[in-house]
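Okay, thanks everyone, let me get the slide up. I'll walk through a few spots in this one, and you can follow along on the screen.

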Amino acid sequence: MRTRATTTILGSALLALLAACGTTQPAASGTTSAAEVTSSGSASAAAEETATGRTSCAADTTSTATGPVSLTDAFGRTVELAKPAERVAVLEWQQMEDVLTLCVDPVAVADAEGFTRWDTAETLPAGVADVGTRGEPSLDALFAANPDLVIIEAYTPDDEIIAQLAAYQVPVLATKGADAADPVKQMTDTFTLIAEATGRQERAQVVVDEFTESLASAKAAVASTEAGKEFVYFDGWVEGGNVNIRPFGQGSLIGELGEQLGLTNAWTGEVDPSYGLGQTDIEGMTTVGDATFFYTGTEDPDSDVMGELAKNEIWKALPAVVEGNTHAFPPGIWTFGGPRSAQQVLDAYAAQLTA
């Protein structure tokens, strides 16, 4: 899959698989002036959700705020709009998912093909302009879509993309993709910030409530099992014939969701300060005892490392492998996503542990 550079304490090897981009602090909350509300707003053409606890956009009855919007983005920048954004362009997958969950159809996105493959929580409607890669979008294509707001993910207030976009005199909402200090709060803060910009606060509250309900339901299901409670979630890649394993440690969204279910993340190695991602090799996995393994499932043979791991004698001797406690999550769960992806994660933990 496509990658984008991430500044971590672990070096460039972590860049080889999933895109994990951003810095650390949670998105700042803003205030939206909404003198009036109107029924339902811009109903998205995104595909209906059929899973329990997910009100689809087709079934959405929430209202969209109207009137001026004034809010503070994740970097303390004031963003002012004459009215909630309707023609939104989005340059990162988590925020694309969030916009769709809010029942707003974006006019332009980056790397639509990759999003469709790796984030199945939402579906892009037909006709959305694809402006190229997330790391280097075509600004000409972006502004040809005539957006009234561009949502980006940045590293710092001085990120080059912010200055580049400012030259086009279109409002820019800058978000941070992760904060290892509280990844679940960071995820919901980003979601509600985008909701403020689009006037979709009522819809956001419904979704956050549904996420909370999913968490409680999955936690109860996991508590009822006798499965081992220590776990490690990982993905990986093959480079030069060697398997690189990326554990999702303390501060990772998917690790924190597991711990909120009552599990214990057994990976205690070094992780980056934003995404909570580690790096190790097969031998490094011998340090986690008899922890249960979960990993990113994929239908892309180029991204599947399990075949290579299965050839390794050290891997085959690990307690989780010997005891059959190694479980793939369903393909298409984006491990850096928004509330709907997080619900998929919770469902997957519960399904694997109660099977």
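So, E230: if you skip its neighbours within four places in sequence, what is E230 in contact with? The list is T264, A266, V288, A291 and T292. Keep in mind that what you're looking at is a predicted model. E230 itself sits in strand 10, which covers residues 230-239. Look at N265 as well: N265 is 35 residues away from E230 along the chain, yet their C-alpha atoms are 5.9 Å apart. And is E230 buried or exposed? Somewhere in between, actually: its relative accessibility is 39%, so we call E230 partly exposed.

Okay, next, the open sheet. It has 5 strands, and the order reads 7-6-5-8-9, with parallel pairing. Strand 7 and strand 9, that's 172-175, are the edge strands; each has a single partner strand, so one side of each has no neighbour in the sheet. Zoom in on that strand 9 end. Its pairing with strand 8, residues 149-153, is parallel and runs over 4 bridges. If you want a register marker there, take I152, which is opposite A174 in strand 9.

Now rotate a bit and find helix 5, residues 183-198. Which strands does helix 5 lie across? Three names to pick out: strand 5, which is 88-90, plus strand 8 and strand 9. Relative to strand 9, helix 5 runs at about 170 degrees.

Let's go to the loop after strand 7. Between strand 7, at 129-130, and helix 3, at 139-144, you'll find R134. R134 has a relative accessible area of 5%, and the cut-off for buried is under 20%, so R134 counts as buried. What does the side chain of R134 make a polar contact with? That would be the side chain of E92, at 2.7 Å.

Last stop, the hairpin of strand 3 and strand 4. Strand 3 is residues 69-72, and it has two faces: V69 and L71 are on the covered one, while S70 and T72 are on the uncovered one. Strand 3 runs antiparallel to strand 4, residues 78-81, and 4 bridges join the two. Stay on T72 for a second, since you've just seen it on the uncovered face; across from T72, in strand 4, is T78. There are 5 residues between the strands of this hairpin, and G76 takes a positive phi there, near 80 degrees.

That's my tour, so go ahead with questions.

Technical notes:
Residues numbered from 1 in each chain as written. Predicted model: local features only at pLDDT ≥ 70, side-chain atom pairs only at ≥ 80, totals over all residues. Heavy atoms only, no water. Buried < 20%, exposed > 50% of the residue type's maximum accessible area, 1.4 Å probe, protein only. Polar contact = N/O pair within 3.5 Å; in protein donor to acceptor, adjacent residues only side chain to side chain. Pairing = 2+ DSSP bridges. Contact = heavy atoms within 4.5 Å. Axes fitted to C-alpha atoms, helices over the stretch in contact; angles between N-to-C directions.
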